[in-house]
Amino acid sequence: MTQNPDAAHSEVNVPLRDVVGNRELALEVVPETLRPGALDLPVRWAHVSELQDPAPYLVGGELILTAGVNLPAELDRYVLGLRDAGVTALGFGLTPTVHETLPEPLRRACARRGLPLLVVPSRTPFLAVNRAVSVALTEAGQRDQRRVTAARETLTRAAGGGLGELTSALAAVLRSWVALVGAGDVLASAHDAPTPLPPEVRELMATVRAGSGIRSATTSAGGTFVVVQPVYPQATASHLVVVGRSRRLEGADRAILAVGAALLGLVGRAGSDAAELGAAATGLLLGRSSPGEVARALAGSDVVRLVAGTAYRRGPAEVAQRPDWLRARLDTPLVSVSEGPSFVAVADAVPLPVLADLRAAGWLAAVGSPVPAGRLAGAAAEVELLLARARALGRPVVAGDSPLDFDALVDPGASRGFAEKALEPLVALDEAGDRSLVTTLRTWLAHHGGWEPTAAELGVHRNSVRHRIAQVEKALGVDLTDPEVRMRLWFALRWAGS
C-alpha cells in the first residue's frame, strides 16, 4: 500500500512515448532496458547533467541527458541512483569527441536496473530535446486546463441533481468507479464500484480519517489504483470520496477530483434537492427562517455574512446564473437568484479569490459584515449600500476588509440610532410620495457626486437626479458640497437597519 501520490503524477507531465515518438529528435530506444509500461512513465522535464551522482539534485520524473563526459567507473551504482531518484529515462548523447557509440557497460547496467535508456544521435543537440519536452509540457498543460474547466461545469450542473447524479458525473469525467462513503455506509456509488470495498481500501480510509487537514491517499488493490479523499469543505469529517481505475490519477484528474469532492461535501451537507435549497434560501432572505435554521443550514455557523450580487458589464453567462453554480462557488446552500439578474446569499465566509471568480463570470458582489444569524434581516441595508459602492468602483466590496474600517469602534446601537435620526426626513418623504430620495442619495454618493453615472444606474435623466439631490439638501438642511456632510450621510446609509 502506498500513501504518497508521487509528485511526478500530480504535476503536468507527458508520457515517455510522446518524447520517443517525436520524429524530429530521432531518439533510439534501447529495447532491453524497457520494463513493462516504461513508455507510459511520466516525463516532467528534460535536464542535462554530467555529474557523477546527480541523484541528490533530482525530484523525480526527469529525462536526464548526458554525453558521458564524466561517467563514473561504477556505472551500476550510477544507474541505480538515477532509478531510485525516480528518473524516468536516461538519454545518452553520441558525439565524435566523447563517445561515438553507446558504452556497453552502461547498456548492461540500465538493462539490469530497469532504467529506460535512449540514444541521442549526434545530429540532435540536447537543446532540441529540452525544447521539444518544454513544448509538449505546455501543450499538455493547456489540454489539462481545458479538461478541468469542462469537467467543473459538468459537475456543477450535476450537483443540482443530488448526490447520485453528481457521483455518476464524477465517475464519467474521471473514467473510473466512484463511491461516496459516510461514517459506515456507502451513500452513493457509480460505474460498478466494488461492494463491499476491499479491505486494503478500508484500511486506507481509516488512515485518512485518523489524520487532519486537507489530504488524500492512494493504494493499489487488485490492479486498480485507488484514491481516498475527504469531501470538502468538511476536510476532517467522516465522509470520504473513493475513486478507482486501472490508471493512476494524473494532475488534471486530481484537480477534477478536488472539484467533485467539494461539490459532494456541499450537496451532502445541505441536502440533495436543489429546489428545497432554493426555497430555504428565499425563505431565509425574506425573514421567514429562524436563526437556528440558518445555523443548521450553514453547518452550525452562528455568525454569518449576507452576500449580494448584480450583473457586471455584459452580465453572467447562463450557467453562472444557475443557483447550483453559485452555491458551489460561495460554498453555501442558501442562495436565491432573481431577475435582473441578481442574487442574494448567506454564507459563513467568502474569500476574495471567490469574489474575483464571480466577477470574471459576470457577477459583481458585495459582502456584508459578520452578524449573528438573528440579526441577518437588518444586514440588508448595509449590503445594499456596499453593492452600490461596488457598482461605482467596478470591483467587489467586502465590509471590514480595509485598514480604514472602524465599525468595530462604534457601538451598534449608537450607529443605528444615528442613522435613523439622520435619514428620518428622507424616509418620511419617500413613504409619502415615493420620491426615491434615499436610493438616489445612496447611488449619487457611491458615484462621488457624478450626475451621469448616477442617472444611468437609476435609469432617469440627469436633471431628475439634480432635482432629487436638491430635495435631499432641503429636507436635511445640509450642503452636499461639503465632504464632511457626504461622509456622515454615507455612514448613516451604511448603518441604517443594522
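The accessible surface of the protein amounts to about 23600 Å², and carbon and sulfur atoms account for 52% of that area. The model is a predicted one, and its secondary structure comprises 18 helices and 18 strands. Of the 498 residues, 46% are classed as buried, while among the contacts that link residues at least 6 apart in sequence, 66% bring together residues at least 24 apart.

The second largest pocket encloses a volume of about 560 Å³. Its lining consists of 26 residues, of which N13, P15, R247, E250 and D253 lie closest to the pocket centre. By residue class, this lining is made up of 13 charged, nine nonpolar and four polar residues. At least two lining residues are contributed by each of β1 (14-15), α2 (16-20), α5 (126-159), α6 (163-174) and α8 (251-270), with the largest share, four residues, supplied by α5.

Helix α4, which spans residues 104-113, contains the buried residues L106, A109 and C110. Viewed down the axis of α4, these buried residues are confined to an arc of 95° and therefore line one face of the helix. An α-helix has 3.6 residues a turn, so that residues three or four places apart point the same way. The packing partners of the buried residues of α4 are the helix α3 (75-84) and the strands β6 (89-93) and β7 (117-120). Just after α4, G114 adopts a positive phi of about 70°.

Definitions and conventions:
Residues are numbered from 1 along each chain as its sequence is written. This is a predicted model: local features need pLDDT of at least 70, side-chain atom pairs count only at pLDDT 80 or more; totals for chains, interfaces and linings use all residues. Side-chain values use heavy atoms; hydrogens and water are left out. Buried means under 20% relative accessible area, exposed over 50%, partly exposed in between (1.4 Å probe, protein chains only). Contact means heavy atoms within 4.5 Å. Accessible areas come from the Shrake-Rupley method with a 1.4 Å probe; for residues, only the protein chains shown count as cover. On a 1 Å grid over the protein atoms alone, a cavity is a set of points where a 1.4 Å probe fits but cannot get out, and a pocket is an open set with protein on both sides within 12 Å along at least five of seven lines; lining residues have an atom within 4 Å of a point. Grid points are joined across faces, edges and corners, and a volume is the space filled by probe spheres set on the points. Ala, Val, Leu, Ile, Met, Phe, Trp, Tyr, Cys and Pro count as nonpolar, Asp, Glu, Lys and Arg as charged, and the others, Gly among them, as polar. The arc is that of the directions from the helix axis to the C-beta atoms.
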